[in-house]
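This report describes the pockets, the enclosed space and selected strands and helices of one protein chain. The sequence and structure are shown first.

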Amino acid sequence: MPLTSRERVLAVLNHEVPDRVPIVIGASNATGISNPTYRKLKAKLGVESPDDFLYDWPELGTAKIDEVILERLHSDVRGVLDREPATVRAKNEAREPGSPYFNSWGVGSVEGDPGTWFPAIHPLADTHSIADVDSYPWPDMNDPTRVAHVKAEAQKLAQENKYAILATPWLAFPLERAFAMQRMDRFMLNLGRHPDFARALLAKLTDLCKTLMGNFLRECGDNIDMIKIGDDLGMQNSLLMSPKMYREILKPFHADYLAFIKSHTKAKVFFHTDGDVYPLIPDFIEMGVDILNPIQTSAGKMSDLDGLKKQFGKNIIFCGGIDTHRVLPFGMPEDVRKEVKRIIDVLGKDGGYMLASVHTVMSDVTPENVLAMVDAVDEFGWY
């Protein structure tokens, strides 16, 4: 008999061979679908429903997918998410149309094309003073409205026992918060020029992330199967920083954060990091990462699927791999079908793989290609 979706994912998480490759879509921003593509998908499938968004955050632009469509997409995972504080949501709902959106960290996003928002206001952009870190009005991670809904949602999904549960508190990743607070280029310069400042900022951000994560995990209880964190560490053909800099400055904070998480939950750690991160995979395994996402196959050595599988496949689970750089946006459905088969044949051999797109399915992807991706799993993903 076929496994249930949850049984299928749990088999992979336990390094066992399931009945078919699990599909992870719609459970988080990193595995989601942008709203323009989702609207087209709803129209193609004849589903009429109002727009809704992950994290109740329209400016993020990632659709909250209707259950009927999640089932059509054969998604084996459902998400449990936090929210920004009620006061932040209310303030943004009441602001003038088109004016900047500010999150609880004080980072502002501005509208480019209609409906497309980009972080552009960085409150600590012009400093490398530790005193400014100490005096900044940091957000309240104990605000109960961030997680008031989490317990009921996690319990409901667990009681239904149909789908694996991926929990994802948003904005809880220290390096990406540093980029948001300072601008990516300026924080990268501070890593080299002012490492004491960089460490002080990362320490503060890690403590805040741990506070939110602790509250979130307490509400989730034992009802979740995976907990998603991550920091983007790679570019198209290299790392954002040298392995030496990563290990000396950032890795201690990642290791501390992972140890904190593992002391608060039995859920497997799902670590999202874009780009060519091949040189750091041993570090991820050493720190306790269970699942690596998104396996950006267009980036440097991450294209070496045989090498990934042979070198790391016994120690870490791969999730992702379906190219959003060329294949999904520019290919035809048959190209997508062939790519899914190629990825499954290597990463899916003997288990250890969950299929997902490489990050969000963006607005340049047709609904036909989204359906081709998931339907190809039904064709090629059975063991």
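On a 1 Å grid over the protein atoms alone, a pocket is an open set of points with protein on both sides within 12 Å along at least five of seven lines, whereas a cavity is a set of points where a 1.4 Å probe fits but cannot get out. In this predicted model, the second largest pocket has a volume of about 590 Å³. Its lining comprises 26 residues, of which Lys-64, Arg-78, Gly-79, Glu-153 and Leu-157 are the closest to the centre. Helix 3 (67–72), strand 1 (77–81) and helix 6 (150–160) each supply at least two residues of the lining of this second largest pocket. Strand 1 provides the largest share, 5 residues.

The largest pocket has a volume of about 1600 Å³. Among its 50 lining residues, Asn-29, Leu-60, Trp-117, Pro-119 and His-359 are the closest to its centre. At least two residues of the lining of the largest pocket come from each of helix 2 (35–45), strand 4 (117–121), helix 7 (174–182) and strand 6 (226–230). Helix 7 gives the most, with 4 residues.

A search of the whole structure finds 1 cavity of 30 Å³ or more. The volume of the largest cavity is about 70 Å³. Its lining is formed by Tyr-55, Trp-57, Asp-82, Arg-83, Glu-84, Trp-105, Arg-146, Trp-170, Leu-171 and Leu-212.

The table gives the composition of each lining by residue class.

| Lining | Nonpolar | Polar | Charged |
|---|---|---|---|
| Largest pocket | 20 residues | 21 residues | 9 residues |
| Second largest pocket | 11 residues | 3 residues | 12 residues |
| Largest cavity | 6 residues | no residues | 4 residues |

**Strand 5 and its neighbours**

Strand 5 (residues 164–168) is largely enclosed by the rest of the structure, because 5 of its 5 residues are buried. A residue counts as buried when its relative accessible area is under 20%. Ala-164, Leu-166 and Thr-168 are buried on one side of strand 5, and Ile-165 and Ala-167 are buried on the other, so that both faces are covered.

Strand 5 pairs with strand 1 in the parallel sense over 5 bridges, and Ala-167 in strand 5 is the bridge partner of Val-80. Strand 5 also runs parallel to strand 6, to which 2 bridges join it. In this second pairing, Leu-166 stands opposite Met-226 in strand 6.

**Strands 8, 9 and 10**

Strand 9 (residues 317–322) is mostly covered, with 6 of its 6 residues buried. Strand 8 (residues 291–293) runs parallel to strand 9 and is joined to it by 2 bridges; Ile-291 stands opposite Ile-317 in strand 9. Between these two strands the chain passes through helix 12 (residues 305–312), and this β-α-β crossover is right-handed. Strand 9 further pairs with strand 10 (residues 353–357) in the parallel sense, over 5 bridges. Here Cys-319 stands opposite Met-354 in strand 10.

**Helix 9**

What span should the 26 residues of helix 9 have at 1.5 Å a residue? The expected value for helix 9 (residues 195–220) is 38 Å, and the end C-alpha atoms are 36 Å apart, which agrees. Gly-221 follows helix 9 and has a positive phi, near 60°.

Technical notes
Residues are numbered from 1 along each chain as its sequence is written. This is a predicted model: local features need pLDDT of at least 70, side-chain atom pairs count only at pLDDT 80 or more; totals for chains, interfaces and linings use all residues. Side-chain values use heavy atoms; hydrogens and water are left out. Buried means under 20% relative accessible area, exposed over 50%, partly exposed in between (1.4 Å probe, protein chains only). Two strands pair if DSSP finds at least two bridges between them. A crossover is right-handed if, with the strands pointing away from the viewer, the path from the first strand over the helix to the second runs clockwise. On a 1 Å grid over the protein atoms alone, a cavity is a set of points where a 1.4 Å probe fits but cannot get out, and a pocket is an open set with protein on both sides within 12 Å along at least five of seven lines; lining residues have an atom within 4 Å of a point. Grid points are joined across faces, edges and corners, and a volume is the space filled by probe spheres set on the points. Ala, Val, Leu, Ile, Met, Phe, Trp, Tyr, Cys and Pro count as nonpolar, Asp, Glu, Lys and Arg as charged, and the others, Gly among them, as polar. The expected span of a helix is 1.5 Å times one less than its number of residues.
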